[in-house]
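Let's take a friendly walk through a protein together. Have a look at the sequence and the 3D view before reading on.

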Amino acid sequence: RYSNEPPPDGPLVVHVAEEGRYGFSIVVRNGVGMASPAPKAGDEAQVWVVVDETKPTVNLTRVTPGTGTNVGTLNVEWTATDERLTCKPVTLSVATKKDGPYTPFATAIENTGRYVWHMPREHPYSFFIRVEAADKAGNVGQATTPEPIRIDLTRPKGTITGVGCEKKSASLTVIPAPAEKPAKETTPVNTTVIPNLNFITMPDR
């Protein structure tokens, strides 16, 4: 029993010692002392109230930029657990500083554990991601990337401003021709001119 004299128009503020599930029933009494039956042990409560002051447990498991045909996207993966999460408990936010301020880019999404964000082209290249999850009691748990995510979506461009020519002195390599072999010396031959000779043949004796 919490009060013998509750305010007739309510509300009645009740303080409980700890978290848990509490059942309440009301007994009404009229001006002449007639009252509705008081609840007994084992009776079903008229209303049940869950006192929950524990925030959901949230973890950011991975944040990766898209590649190939998915360039310009960011894959955010998380886990969020609680006995009494709302049906769409998750909010994703971004900030250029770890302490904020944070701007939501996805709100009231289901606790699927993964979300693909199509980033605006002019988004800052360095930023932090935060995921929040809310339960039915209004408690909100959160997790933030410990280090900034760095992504540059700007394609680099180059411009040719001019074309120049640098003159260099030509170098000439001279390859000596192979030396000619000296002509072979010949010994002069003395030639004697002999006039016509008549040979006489003599029979053998």
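The report below goes from the overall picture to a few chosen residues.

## The overall picture

Please keep in mind that this is a predicted model. The protein has 10 strands and zero helices. If you read along the sequence, you meet the pattern β-β-β-β-β-β-β-β-β-β.

The protein has 205 residues, and 23% of them count as buried. It exposes about 17600 Å², with carbon and sulfur atoms supplying 53% of that area. How do the parts of the sequence meet in space? Take the contacts between residues at least 6 apart in sequence: 55% of these join residues at least 24 apart.

## Strand β4 and its partners

Find strand β4, which covers residues 73-81. Is it largely enclosed or not? Seven of its nine residues are buried, so β4 is largely enclosed by the rest of the structure.

Which strands pair with β4? One partner is strand β3 (residues 57-65), which pairs with β4 in the antiparallel sense over eight bridges. Strand β7 (residues 114-118) is also antiparallel to β4, and five bridges join the two. Val76 in β4 is a handy residue to look for here: Val63 stands opposite Val76, and Val76 also stands opposite Tyr115 in β7.

## The nonpolar core

Now turn to the largest nonpolar core, which has 22 residues. Leu74, Trp78, Leu92, Phe127 and Ile129 are the residues with the most contacts inside this core. The elements giving two or more residues to the core are β3, β4, β5 (85-95), β6 (103-109) and β8 (126-135).

Phe127 makes a good example to zoom in on. What does Phe127 touch, leaving aside its neighbours within four places in sequence? Phe127 is in contact with Leu74, Val94, Ala95, Thr96, Met119, Pro148, Ile149 and Ile151.

## A closer look at Trp117

Our last stop is Trp117, which you will find in strand β7. Is Trp117 buried or exposed? Its relative accessible area is 8%, and buried means under 20%, so Trp117 is buried.

Which residues does Trp117 touch, if those up to four places away in sequence are not counted? They are Gly72, Thr73, Leu74, Val94, Phe105, His123 and Ile129. Gly72 is worth a second look: Trp117 and Gly72 are 45 residues apart in sequence, and their C-alpha atoms are 8.5 Å apart in space. Leu74 and Val94 may sound familiar, as Phe127 is in contact with them too.

How values were computed:
Residues numbered from 1 in each chain as written. Predicted model: local features only at pLDDT ≥ 70, side-chain atom pairs only at ≥ 80, totals over all residues. Heavy atoms only, no water. Helix = DSSP H or I, 4+ residues; strand = E, 2+ residues; numbered from the N terminus. Buried < 20%, exposed > 50% of the residue type's maximum accessible area, 1.4 Å probe, protein only. Contact = heavy atoms within 4.5 Å. Areas by Shrake-Rupley, 256 points an atom, 1.4 Å probe, with all protein chains shown as cover. Pairing = 2+ DSSP bridges. Core = buried A, V, L, I, M, F, W, Y, C linked by side-chain atoms within 4.5 Å.
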